[in-house]
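Reader: Hello! I am new to this structure and would love a close look at a single part of it, with its surroundings explained step by step. Could you walk me through one strand and what lies around it?

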Amino acid sequence: MSGSTQGRALVIGEALVDAVRRPDGTREEFPGGSPANVAIGLARLGRRAELLTWLADDAHGDLVRRHLAASGVRVLTGDRAPARTPVATAHLDAAGVATYDFDLEWDLPATWDEGEGDALVVHTGSIAAVLTPGGPKVADLLESRRATSTITYDPNLRPALMGDPADVRPVVERLVSASDVVKVSDEDLAWLLPGVAPAEVAEEWSRSGPALVVVTHGGEGAFASTAAGARLTVPAPRVTVADTVGAGDSFMGGLVDGLWSAGLLGADRRAALHDVDAGTVEQVLARCARIAAITVSRAGANPPTTAELDTEGAPA
């Protein structure tokens with residue numbers, strides 16, 4: 001794939017501290033948050049990534065900022081901040097699969113120091129898109145950027161925090177219809193729309209606005225539905241799983257990066273994105289699957305750099 005490396009990505013959403021509790025009782029703290037992880041994934045793949053988030057001026061906030069800066073993510077400074085940085089606790093089972101609980105608040109500043117020019121792509125997802133008071137502001141901001149940017153969205157739902165799926169469903173559907181690209185996990189869909197086949201949801205969503213909807217199935221690969229009518233699946237590489245923390249976020253970063261390389265991002269490329277062919281989608285998703293496989297092969301939300309992805313012997 002080839003395409004312009006110019007432009008920047010604006011990622012909107014939570015950055016927080018993940019406190020990981022393992023089955024043996026040990027605890028570690030890692031900087032995290034789904035949108036923050038997507039921004040890091042993009043930056044490690046060589047993209048200019050900015051993160052609009054809600055961090056306090058405290059020790060946890062400093063930890064997160066250092067982590068983001070180390071990967072090249074620029075954290076935008078706003079006119080307001082929370083009293084304390086959010087914390088999410090990931091409880092790992094014997095298979096390394098995470099469930100979460102949260103201590104956080106989410107809002108947006110009124111103004112911030114964004115870079116010059118329009119973002120090529122604007123991404124959001126997870127807690128930031130649902131939790132009030134920030135969630136509705138995020139939705140309004142995305143809709144205001146459609147005229148200039150590709151909009152990407154990953155629901156990355158958190159049942160422990162989000163309440164009744166019947167209340168969350170219209171929020172998700174509004175964001176889906178406003179987006180050009182949606183990535184969602186089969187677990188998200190099982191909670192949001194129980195009893196409905198993931199492929200059926202993907203096909204319905206791809207008729208409601210997005211050019212591309214991708215459903216990830218963990219170690220079983222991914223399914224994609226396009227507005228142009230393509231339907232395809234890609235397998236996941238077989239690897240030894242350390243844990244699944246950040247796997248979906250690294251896949252999402254890879255998806256944005258792949259479409260970027262294919263020259264399909266930016267509002268002026270919306271028609272081309274809606275006409276994307278199955279071969280291009282398959283190529284992008286196969287690389288996303290490799291990115292996610294590398295991430296799950298090591299502890300924590302630790303997406304690969306381009307150099308790691310291209311290293312001989314990486315999952316293929």
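Author: Happy to. Let us begin with one pairing: in strand S13, the bridge partner of Ser225 is Arg231. Please keep in mind that this is a predicted model.

Ser225 belongs to strand S12, and on the S11 side the residue that stands opposite Ser225 is Val213. Both neighbouring strands run against S12: S11 and S12 pair in the antiparallel sense over 5 bridges, while S12 and S13 pair in the antiparallel sense over 4 bridges.

The turns are worth a look too. S11 and S12 make a hairpin with 5 residues between them, and Gly218 in that turn has a positive phi of about 55°. The hairpin of S12 and S13 has 4 residues between the strands, and there Gly229 takes a positive phi near 105°.

Now look at the two sides of S12. Ala222, Ala224 and Thr226 point one way, Phe223 and Ser225 point the other way, and all are buried. With 5 of the 5 residues of S12 buried, the strand is largely enclosed by the rest of the structure, which is why you will find it covered when you turn the model.

What lies around this strand? One neighbour is helix H7, residues 198-206, whose buried residues are Val201, Ala202, Trp205 and Ser206. Seen down the axis of H7, these buried residues fall within an arc of 125°, so they line one face of the helix. Strands S11 (212-216), S12 (222-226) and S13 (231-234) are among the elements that cover them, and the cover also includes helix H5 (165-178), strand S10 (181-185) and helix H6 (186-192).

From S11 we can step into the interior. The largest nonpolar core has 43 residues, and Leu212 and Val214 are among those with the most contacts inside it, together with Leu68, Leu255, Leu259 and Leu285. Apart from this core lies another, of 41 residues, among them Ile127, Ala128, Val138 and Leu192. As a general point, nonpolar side chains tend to be buried together in soluble globular proteins.

Leu259 gives a way onward from S11. Leaving aside its neighbours within four places in sequence, Leu259 is in contact with Leu212, and also with Val181, Leu264, Leu265, Leu273 and Val284. Val284 is touched by Gly254 as well, whose contacts beyond four places in sequence also include Leu45, Cys288 and Ile291. Gly254 sits in helix H8, residues 247-261, and is buried, with a relative accessible area of 2%. The C-alpha atoms of Gly254 and Pro304 are separated by 9.8 Å, although the two residues are 50 apart along the chain.

Helix H8 also holds a charged residue with two partners. Asp257 forms a salt bridge with Arg47, the closest N and O atoms being 2.7 Å apart. Asp257 lies in H8 and Arg47 in the loop between helix H1 (34-44) and strand S4 (49-52), so the pair ties together parts that are 210 residues apart in sequence. Both Asp257 and Arg47 are buried, and the relative accessible area of Asp257 is 3%. Arg287 forms a salt bridge with Asp257 too, with the closest N and O atoms 2.6 Å apart. This second pair links Arg287 in helix H10 (residues 278-296) to Asp257 in helix H8, 30 residues apart. In the whole structure, a search finds 21 salt bridges.

Note on methods. Residues are numbered from 1 along each chain as its sequence is written. This is a predicted model: local features need pLDDT of at least 70, side-chain atom pairs count only at pLDDT 80 or more; totals for chains, interfaces and linings use all residues. Side-chain values use heavy atoms; hydrogens and water are left out. Buried means under 20% relative accessible area, exposed over 50%, partly exposed in between (1.4 Å probe, protein chains only). The arc is that of the directions from the helix axis to the C-beta atoms. Contact means heavy atoms within 4.5 Å. A nonpolar core is a set of buried Ala, Val, Leu, Ile, Met, Phe, Trp, Tyr and Cys residues joined through side-chain atoms within 4.5 Å. Two strands pair if DSSP finds at least two bridges between them. A salt bridge is a side-chain nitrogen of Lys or Arg within 4 Å of a carboxyl oxygen of Asp or Glu.
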